[in-house]
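Please work through the exercises below with the structure open beside you. Each one sets a task and then gives a solution in steps.

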Amino acid sequence: MTVHPHPSLQPYADAWTHSIEAISELVLPLSEGEWNRATPCPGWSVRDVVSHIIGIETEMLGDPRPIHTLPRDLRHVVDEFTRYMEVQVDVRRHHTAPEMTSELEYTVIRRARQLRNEKRDPSTMVRGPLGNQVTLEFALQLRAFDVWIHEQDLRAALGVPGNWDSPGAFVAQDILLAGLPKVVAKLAGAPAHSAVVIDVHGPVEFLRTVRVDGSGRGTIDSTPSLGPAVTLAMDWETYVRLAAGRVRPHAVADRVKTDGDAELAAAILANFSVTP
């Protein structure tokens, strides 16, 4: 499908298209039982992840949110954010495989048409994925990120790895790295005037330094630090799984190499998840 919005929106539209089409291809042949497979996304099955994607995309289209009361025994629903997200998921919990694939297909067609006809300026304020006001550009960036992360959830559940370096991966890199200064400076409490280096290898490679200034504020750049307090080295898949809250640090300890202050390294990894 061809999408032609504003040039600064194009990368996000392309990444979204790539991942949403991959998701459609992944789920189309699934048997009824495969829709119930658990994913790395806490509490969500394959059906739940697809329901979430359909739900958010229909909201981006301006469809009203379903009026639905959640059951009280959903352990992964722990706050207002997870409660908000769960409504679109729970309302589809008893949908059959054909109902799921046909609704996904119809939603993708509608959203692709909306993106193709998008004439608004990227700075236009729109309703974001949580009902809050965000710029059109940020809303599309978030959608590209979200569908790529959930594509990886589905691939993990179905045993079909791939697309770790697709357009969505680079959108995810930007969003996940943007959360790192807060992780290092605020949540892990790295000392003033210290630096922490993150070295990631694999299909997406980068080296970033988070620097904490005298007032305890963190910033991130791509220049190496000569004497970092901590260096964390890991592969891209492990970085994504940790930063997206899909895995606990102890479960991937053998895939993360730490140098420097062991206590600070542990605090950074314990707070590494930047997704809600």
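**Exercise 1.** In this predicted model, determine what covers the buried residues of helix H9, and establish which residues of H9 are buried and which are exposed.

*Solution.* Begin with the surroundings: the cover over the buried residues of H9 includes helix H7 (180-187) and helix H8 (236-243), together with strands E3 (195-201), E6 (230-235) and E7 (256-260). Next, identify what lies beneath that cover: within H9, which spans residues 262-270, the buried residues are Leu264, Ala265, Ile268 and Leu269. These residues lie on the same side of H9, because the arc they cover around the axis is only 135°. Then turn to the other side of the helix, where Ala262, Glu263 and Ala270 are exposed. Finally, look at the start of H9, where the backbone nitrogen of Glu263 has a side-chain oxygen of Asp261 within 3.0 Å.

**Exercise 2.** Take Ile268 and find which residues it is in contact with, leaving aside its neighbours within four places in sequence; then place Ile268 in the largest nonpolar core.

*Solution.* With those neighbours set aside, Ile268 is in contact with Val183, Val184, Ala188, Val196, Val230 and Leu232. Moving outward to the largest nonpolar core, which has 77 residues, we find Ile268 among those with the most contacts inside it, a group that also holds Val27, Leu180, Leu232, Trp236, Tyr239 and Phe272. The largest share of this core, however, comes from helix H5 (residues 136-158), which supplies eleven residues. As a general background to this step, nonpolar side chains in soluble globular proteins tend to be buried together.

**Exercise 3.** Classify the ring pair of Phe206 and Trp236 and that of Tyr239 and Phe272, and locate the partners in the chain.

*Solution.* The whole structure contains six aromatic pairs. For Phe206 and Trp236, the ring centres are 6.1 Å apart and the planes stand at 80°, so the pair is edge-to-face. Since Phe206 lies in strand E4 (residues 206-212) and Trp236 in helix H8, this pair ties together parts that are 30 residues apart in sequence. Both Phe206 and Trp236 are buried. For Tyr239 and Phe272, the centres are 5.4 Å apart and the planes are at 90°, so this pair is edge-to-face. Tyr239 belongs to helix H8 and Phe272 to the segment after H9, so that the pair links distant parts of the chain, 33 residues apart. Tyr239 and Phe272 are both buried. As a last step, follow the ring pairs further: they link Phe206, Trp236, Tyr239 and Phe272 with Trp148 and Trp164 into a cluster.

Conventions:
Residues are numbered from 1 along each chain as its sequence is written. This is a predicted model: local features need pLDDT of at least 70, side-chain atom pairs count only at pLDDT 80 or more; totals for chains, interfaces and linings use all residues. Side-chain values use heavy atoms; hydrogens and water are left out. Buried means under 20% relative accessible area, exposed over 50%, partly exposed in between (1.4 Å probe, protein chains only). Helices (H or I, at least four residues) and strands (E, at least two) are DSSP runs, numbered from the N terminus. The arc is that of the directions from the helix axis to the C-beta atoms. Contact means heavy atoms within 4.5 Å. A polar contact is a pair of N or O atoms within 3.5 Å; within protein, one must be able to donate a hydrogen and the other to accept it, and residues adjacent in sequence count only if both atoms are side-chain atoms. A nonpolar core is a set of buried Ala, Val, Leu, Ile, Met, Phe, Trp, Tyr and Cys residues joined through side-chain atoms within 4.5 Å. Rings of Phe, Tyr and Trp (its six-membered ring) pair if their centres lie within 6.5 Å; planes under 30 degrees apart count as stacked, over 60 as edge-to-face and the rest as tilted.
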